[in-house]
Amino acid sequence: MKNFSTIVVILFLCSISPTLQLFKKHPLKNTANFVINPTPQKNVNDLPKEWFWNNVNGKSYLTVVRNHHLPQYCGGCYAFGSTSTLSDRIKIMRDPQWPDIVVSPQVILSCSDNYGCGGGDPSSVYEYIHKFGVTDESCSSYRALGWDNGAPCTEELKCSLCDS
């Protein structure tokens, strides 16, 4: 799980390297393996006029679109946005193979130092994943609850199907 978490964080940092100032609020302890310089930019005229991740040469690189307010209201957009971004980056890296790996927002809502269903900060989501790892949706399904309203962090919540 640690290697998966490290890959996820590195993928994220590669995708937002020009905006690493987001991490000043929640600095990561060891950034030796992170990309900290932006990738060289192409001339805007060399870019395609349209780009849709759901149809790149007939392949969709997007994971599932979800509603974090069902079955009840939960202010978990920070957890959903962050984990969806990572899930999509993983799918891009895997050149869309089935099954999709969908990173679990429930672990973030119940276990990170954010405000559960009361909101949170995406940069601290990535810091949590880097420090502690995260499971996919098949291990910890979404409950529309956080640590603040009925789903405290437990080993079973982190992964109900894990052996250890």
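## The nonpolar core

Let's start inside the protein: the largest nonpolar core has 21 residues, and those that touch the most other members are Cys74, Tyr78, Ile108, Leu109, Tyr128, Ile129 and Tyr142. Three helices, H2, H3 and H4, each give two or more residues to this core. H2 provides the largest share, with 5 residues. Please keep in mind as you read on that this is a predicted model.

Two of the well-connected core members, Tyr128 and Ile129, are also among the buried residues of H4. Another, Cys74, has a covalent partner as well, since a disulfide joins Cys74 to Cys117.

## Two disulfides

How many disulfides does the structure hold? There are 2. In the link between Cys74 and Cys117, the sulfurs are 2.0 Å apart. The torsion about this S-S bond is about -90°, so the disulfide is left-handed. Cys74 sits in the loop between H1 and H2, while Cys117 sits in the loop between helix H3 (105-111) and H4; the pair links distant parts of the chain, 43 residues apart. Both Cys74 and Cys117 are buried.

The other disulfide joins Cys111 to Cys153, with an S to S distance of 2.1 Å. Is this link left-handed or right-handed? With 95° about the S-S bond, the link of Cys111 and Cys153 is right-handed. Cys111 belongs to helix H3 and Cys153 to the loop between H4 and helix H5 (155-158), so this pair ties together parts that are 42 residues apart in sequence. The two ends are covered to unlike degrees: Cys111 is buried because its relative accessible area of 16% falls under the 20% limit, whereas Cys153, at 35%, counts as partly exposed.

## Other cysteines

Cys77 is in no disulfide. The nearest cysteine sulfur to Cys77 is that of Cys74, 9.2 Å away, and a disulfide would need the two sulfur atoms within 2.5 Å. As for Cys139, a relative accessibility of 14% is under 20%, so this residue counts as buried.

## Helix H4 and Ser124

Helix H4 covers residues 122-132, and its buried residues are Ser123, Ser124, Val125, Tyr126, Glu127, Tyr128 and Ile129. An α-helix has 3.6 residues a turn, so residues three or four places apart point the same way. The buried residues of H4, however, form an unbroken run from Ser123 to Ile129. After H4 comes Gly133, whose phi is positive, near 80°.

Why does Ser124 count as buried? Its relative accessibility is 3%, and buried means under 20%, so Ser124 meets the cut-off. Which groups does the Ser124 side chain reach? One is the side chain of Asn114, through a polar contact of 2.9 Å. Another is the backbone oxygen of Asp121, at 2.8 Å.

## A nonpolar patch at the surface

Now to the outside of the model. Trp51, Trp53 and Leu62 make a nonpolar surface patch of about 310 Å². Where is Leu62 placed? Leu62 is in the loop between helix H1 (2-16) and helix H2 (77-93). Cys74 of the left-handed disulfide is likewise in the loop between H1 and H2.

With a relative accessible area of 34%, Leu62 is partly exposed, because this value lies between 20% and 50%. The same 34% is over the 30% that a patch residue needs. Cys74, by contrast, is buried.

Conventions: Residues numbered from 1 in each chain as written. Predicted model: local features only at pLDDT ≥ 70, side-chain atom pairs only at ≥ 80, totals over all residues. Heavy atoms only, no water. Helix = DSSP H or I, 4+ residues; strand = E, 2+ residues; numbered from the N terminus. Buried < 20%, exposed > 50% of the residue type's maximum accessible area, 1.4 Å probe, protein only. Polar contact = N/O pair within 3.5 Å; in protein donor to acceptor, adjacent residues only side chain to side chain. Patch = residues over 30% accessible without salt bridge, like charges linked within 9 Å, V, L, I, M, F, W, Y side chains within 5 Å. Areas by Shrake-Rupley, 256 points an atom, 1.4 Å probe, with all protein chains shown as cover. Salt bridge = Lys/Arg side-chain N within 4 Å of Asp/Glu carboxyl O. Core = buried A, V, L, I, M, F, W, Y, C linked by side-chain atoms within 4.5 Å.
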